[in-house]
Amino acid sequence: MYTWPHWLPLVVLTPLLGAALTPIVSLRTRHVAPWWALGMMTVTSVAAGMLILRVALEGPFSYLPGGWVRPYGIELRFDEFSASISVICLIGWLAVLYSFRYTEWLREVPKQRIPYYYALLLLNLGGMIGFVVTGDLFNLFVFLEILSLSGYALVAVSGEHIAEMAAFKYLLMGAISSLIVLFSVGILFGITGSLNMADVASRLGDTGSVAPAALALGMLTVGFMVKAALFPVHIWLPDAHSIAPSPISAVLSGLVVKLGILGMLRLYQIYYTSGIIDLFVLNQILVWLGAISIIMGAFFAVFQDDIKLMLAYSTISNIGYIVMGLGLFTNFSIIGGSVHVFNHAIIKATLFFAAGAMIYRTGYRTLSDLRGIGSSMPLTSIAISIGAISIVGIPPTAGFLCKWYIALGAFEANQPFFGFVLIFGALLIFVYYIRMVNAFYFQAPVRQEVVDATEAPASMLYPTLLLAALCLIMGVLGRIPLAFIEPAVQRLLTPLGG
Amino acid sequence: MLEALWNNVDYVASVVLFCIGLYIIIAKNNLIKKFLGLNIMETAVFAFIIALGVVDDGSPPIMGEGASGPFASPIPHALVLTGIVVAVSTTALALSLIIRIYRQCGTIEADELREME
Amino acid sequence: MEVYDLRPIIAPVISLVCAAMVFFLGHNKYWRRFWMLSAATLKVIIVMSMLPGSLRGVVYVFPMIEFTPGIGLGFRADALGMFFAVVSSTLWVFTTIYAIGYMKGEGQRVRFFGFFSLCVSTTVGLAFAENLLTFFIFYEMLTICTYPLVIHDETPEAFRAGRKYLVYTLTGGACILIGAVIVFDSTGTLSLGSPGILSTDIPTGTLALIFTLLIAGFAVKAGVMPLHGWLPSAMVAPTPVSALLHAVAVVKAGAFGILRTIYNVFGVDVLQEVGFTMPLAWLAAFTIIVGSLIAVFQDNLKRRLAFSTISQLSYIVLGAALLTPLAATAAIVHIANQAFPKITMFFVAGAIKKKTGKTAVHELAGIGYQMPWTMGAFTVASLSFIGMPLTAGFITKWYLSLGALESGQYWVLAVMVGSSMLNAAYFLPIIYLAFFKAPPGTTMRVSEAAPTLFIPILICAVYVLILGTTAEVVGMPFSLAEAAVHFVFGM
């Protein structure tokens with residue numbers, strides 16, 4: 001069953017077509033839209049499960065739409081990194097479920113427009129899945145645009161008073177970075193005459209045009225850095241992620257920024273296999289930028305009173321971890337970085353879901369207002385605490401593995417300084433965690449709404465609890481993502497013909 | 001050096017255009033102007049990609065009677081068509097955002113908006 | 001001989017379950033007490049059931065639950081771990097009973113006892129940790145579980161103390177984690193199951209870094225100066241917590257970590273070759289003397305006890321740093337010999353506060369008439385710290401001095417004598433005040449604290465005497481410490 005070849009196009013097309021059809025199916029009654037979106041995500045998840053099963057059993061495989069052979073046709077390629085669609089499907093599915101009640105509560109969204117929200121969400125998820133499985137540089141750009149555009153629009157949905165400004169800022173930065181990506185895709189096409197990634201990788205080494213290749217590498221890195229919100233191009237992130245509706249924050253913070261990272265990984269595959277440029281300088285730059293992101297993100301996070309803003313800053317910090325792992329470029333550190341792509345998505349979604357539930361019930365979003373919520377929303381508070389412990393990286397939670405492996409990588413690469421940076425960043429985040437726990441559990445409530453709050457409705461509570469449980473389970477079952485990532489990293493670190 | 005630049009004047013032009021667009025985004029205060037800068041950048045990239053497909057003395061890549069090589073590469077055209085579609089949707093979204101910002105805040109000057117935050 | 005057994009993991013897990021039950025069913029007073037006592041009792045029973053085997057030389061092992069290849073949770077009940085587990089679990093029963101009595105009428109008891117019971121679980125997990133990572137996990141859990149206890153009163157002062165506590169201990173924890181990473185990077189293992197995993201093949205610089213990081217990390221909790229700052233301020237916590245922090249769980253976890261680092265991570269041979277331990281020994285000696293000196297000038301009884309703890313704990317560090325079998329025996333035995341007298345003293349301080357509301361030393365004049373048995377127990381504990389023969393403290397000092405002679409470090413003897421004198425200088429005035437400086441008009445009416453407070457005090461005081469008089473205490477065997485020493489010195 002899992003060998004059926006058409007699962008691969010199906011996994012991309014289902015959410016995209018589903019998005020296009022959402023307004024139509026909900027013409028008669030808008031209540032169809034959430035169920036429709038959930039159904040689409042279910043189909044996608046099934047397809048994703050089949051694909052992951054196949055890659056686990058058989059290794060990477062391709063799908064050539066229309067039977068056009070490489071490099072003439074376009075290619076969908078599914079390798080171990082593509083297994084990250086599992087987490088896209090998981091969080092996407094839960095975000096749709098979570099939105100059932102959350103969208104009804106958004107003041108600024110007229111009720112009859114709600115189907116468009118689901119259309120945008122499906123579009124976003126479909127774009128991400130496409131981005132992950134495409135084997136073609138231009139399609140990489142197209143999917144990047146699909147997911148970015150829907151992301152800009154979703155940020156604006158929330159109706160907070162600066163939502164549009166945040167969305168516009170996000171749009172400007174995002175559009176510039178997309179154009180930079182497109183420009184360098186053009187350069188790569190110009191020097192190799194191909195758009196297929198594997199083909200580009202094999203031709204790039206022979207072209208001998210080092211300067212344009214280096215230019216393309218630099219520009220692509222910058223472009224993906226903006227998407228991943230690495231210091232110093234992170235400025236769009238805090239506003240956009242904190243202002244977006246909570247399920248969207250979870251998707252944006254957990255998944256969308258990761259695509260910048262996956263883009264960088266793809267880039268590494270191309271350039272490292274072709275061997276045209278020594279990546280050492282780039283790696284050093286990335287490591288330093290990662291280190292600065294870790295400290296700066298954590299530092300800003302500590303001083304936030306607004307929970308969602310704090311979570312947004314902690315995303316920057318965590319992206320720093322991942323990029324540092326990639327930049328150290330040792331076996332362990334890349335494993336650590338890639339594992340964190342999975343685990344951070346789960347952790348961040350837990351945190352945003354739980355924070356969203358609190359905001360939903362009380363209308364307050366700052367720690368000083370949410371004091372004492374631990375006794376009125378105990379399960380949500382436990383979930384957010386677990387998420388916070390995870391993000392600090394205390395074993396045996398999901399966040400620990402990444403820190404362990406990246407620290408190990410730092411020592412393996414003989415750059416112990418970065419090991420210390422890593423731990424220091426974790427300590428800073430812990431300070432925030434303590435502030436949060438103090439506020440939730442040990443301080444007397446100041447708001448009547450907080451005292452009167454009850455647990456969020458089931459469609460919000462259970463996704464949160466499920467993810468919180470996963471935060472714990474993924475720490476203990478760290479070998480599962482590792483089993484996927486290790487061969488891929490091995491392949492990444494082995495140059496072509498080597 | 002100069003000769004090399006002159007030989008690749010199409011590329012140079014698109015890079016210059018790209019930088020002009022970027023400058024406008026950074027320097028201008030009005031959101032619409034910022035956005036026009038983005039449009040200029042888009043145009044620059046499209047021009048660059050189109051220029052990649054040019055083959056000296058190439059004929060249009062249309063099969064049929066009397067078609068004979070060398071042909072200009074058709075792929076860039078396909079890419080740019082897609083790119084334009086993307087650009088249009090970006091424009092639409094940005095303009096709608098600007099309209100909403102204007103309705104809410106009564107201004108689309110970036111510095112005034114920043115003060116309102 | 002190694003035997004696969006479930007008990008090393010059941011001991012922490014069953015306490016964990018009981019702790020969870022305290023949270024869920026704790027709103028009813030009787031259920032809460034039931035689960036708390038069962039947490040403590042079950043732990044003692046399981047630990048004690050392994051004791052006969054341990055004395056025969058059996059090591060109970062639970063195979064590692066791997067997160068990813070090479071790292072994971074592992075449990076192993078070797079002699080050293082058993083000793084720590086036996087001491088802490090025995091004391092836990094008394095502390096639990098005492099806490100039930102002490103916390104009557106205080107607020108937030110579910111939270112308090114829930115976390116209190118969680119500490120049971122983490123401490124025994126710490127004792128049985130098979131590798132450095134497991135050790136680190138429980139070490140950090142202990143930090144997190146004790147934080148709500150420190151800030152229990154929710155006053156600004158308590159929050160300040162809690163913050164200070166966390167800053168110190170978490171930074172220490174971070175150092176340990178980095179140290180563990182370097183150990184893993186150098187050796188590919190984190191196991192604590194052998195007498196030393198590092199070898200001198202590793203560059204000395206790296207070894208020095210590992211030693212500094214691990215020891216500094218553990219020394220924070222062990223209160224070695226200058227890393228002791230959190231300990232006196234954590235005195236704002238309720239008295240059972242102070243007893244817990246200062247006698248059983250937290251500070252002992254730090255000291256135990258230092259023992260593990262010296263004996264199981266580095267190994268005696270490696271350390272003798274590279275000689276890192278001498279600075280540590282000097283630091284410990286400095287702490288012993290200066291801690292006592294500061295204690296002399298404290299008027300608050302609990303603060304005086306806190307500085308006394310800082311001073312006493314460094315006996316363990318000093319014994320470990322001397323790297324001779326006899327000094328090691330002293331270090332291990334002192335885990336028990338410091339715990340029992342110190343917990344007695346904190347219980348007494350708490351009983352006095354509960355009964356009379358007095359917290360300062362100068363207020364204690366004549367208290368001996370009112371609570372003769374309580375103050376009697378306090379006297380026994382004081383004598384033990386001073387090092388009187390027939391009390392527990394004497395055994396430590398004796399072996400530590402022998403160990404110092406064995407290693408040729410004669411200055412340690414001077415430290416021993418100085419410390420005894422200083423101990424006398426800050427404990428005897430209290431006893432003198434209590435029994436001989438009755439303010440005029442004091443009647444001889446005896447009124448001891450409630451039995452739940454009173455009985456644990458007496459039992460602990462009796463233990464102090466037993467530990468000092470016979471080497472074969474039931475459930476607290478000297479031979480276990482010797483077995484541990486034999487293992488680490490390869491004898």
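## Exercises on a predicted three-chain model

Asn414(A) counts as exposed, with 9 C-beta neighbours inside 10 Å. Keep in mind that this is a predicted model. Let's start from that residue and work outwards.

**Exercise 1.** Work out where Asn414(A) and Phe329(A) sit and whether each is buried or exposed.

*Solution.* Start with the backbone. Asn414(A) isn't a glycine, yet its phi is positive, about 60°. Phe329(A), also a residue other than glycine, has a positive phi near 55°. Most residues other than glycine have a negative phi.

Next, place them. Asn414(A) is in the loop between helix H16 (398-412) and helix H17 (416-442) of chain A, while Phe329(A) is in the loop between helix H12 (307-328) and H13 of chain A.

Finally, count neighbours. The exposed cut-off is 12 or fewer, so Asn414(A) with its 9 counts as exposed. The buried cut-off is 20 or more, and Phe329(A) is buried, with 22 other C-beta atoms within 10 Å.

**Exercise 2.** Find the cis peptide bonds at Pro232(A) and Pro226(C), and say which loops hold these prolines.

*Solution.* In chain A, check omega between Phe231(A) and Pro232(A): about 0°, a cis bond. Pro232(A) belongs to the loop between helix H8 (210-228) and helix H9 (237-243) of chain A.

In chain C, the cis bond joins Met225(C) to Pro226(C), with omega about 5°. Its proline, Pro226(C), is in the loop between helix H7 (204-222) and helix H8 (230-233) of chain C.

**Exercise 3.** Describe how H10(A) and H13(A) cross.

*Solution.* Two packed helices are described by the angle between their axes and the distance between the axes. Here the axes of helix H10 (residues 246-274) and helix H13 (residues 331-362) of chain A come within 7 Å and cross at roughly 160°. That angle makes H10(A) roughly antiparallel to H13(A).

For handedness, the crossing is right-handed. Now look at who meets whom: H10(A) brings residues including Ser253(A), Gly254(A) and Lys258(A), and H13(A) brings residues including Lys348(A), Phe352(A) and Gly356(A). Sorted by class, this contact has 11 nonpolar, five polar and two charged residues.

**Exercise 4.** Compare the end-to-end span of H5(A) and of H2(C) with the expected value, then look at burial.

*Solution.* Helix H5 (residues 137-156) of chain A has 20 residues, so at 1.5 Å a residue it should span 28 Å; the end C-alpha atoms are 29 Å apart, which agrees. As for burial, 20 of its 20 residues are buried, so H5(A) is largely enclosed by the rest of the structure.

Helix H2 (residues 29-55) of chain C has 27 residues and reaches 39 Å, close to the 39 Å expected. Its buried residues include Arg32(C), Trp35(C) and Lys43(C). The partners they pack against include helix H3 (79-102) and helix H20 (478-489) of chain C. Just after H2(C), Gly57(C) takes a positive phi of about 100°.

**Exercise 5.** Work out which chains touch, and what the sides facing chain A are made of.

*Solution.* First rule out a pair: chain B and chain C don't touch, and their nearest C-alpha atoms are 34 Å apart. Of the two pairs that do touch, A and B have the most contacts.

Take chain B: 25 of its residues are in contact with 22 residues of chain A. H4(B) gives the largest share of that side, 12 residues. By class, the side divides into 16 nonpolar, five polar and four charged.

Then chain C: 21 of its residues are in contact with 21 residues of chain A. H6(C) supplies the largest share, 10 residues, and the classes are 15 nonpolar, two polar and four charged.

Key: Residues numbered from 1 in each chain as written. Chains lettered and ligands numbered in written order. Predicted model: local features only at pLDDT ≥ 70, side-chain atom pairs only at ≥ 80, totals over all residues. Contact = placed C-beta atoms within 7 Å. Helix = DSSP H or I, 4+ residues; strand = E, 2+ residues; numbered from the N terminus. Nonpolar A, V, L, I, M, F, W, Y, C, P; charged D, E, K, R; others polar. Expected span 1.5 Å × (residues − 1). Axes fitted to C-alpha atoms, helices over the stretch in contact; angles between N-to-C directions. Parallel < 35°, antiparallel > 145°, perpendicular 65-115°, else oblique. Left-handed = near helix turned anticlockwise from the far one by under 90°.
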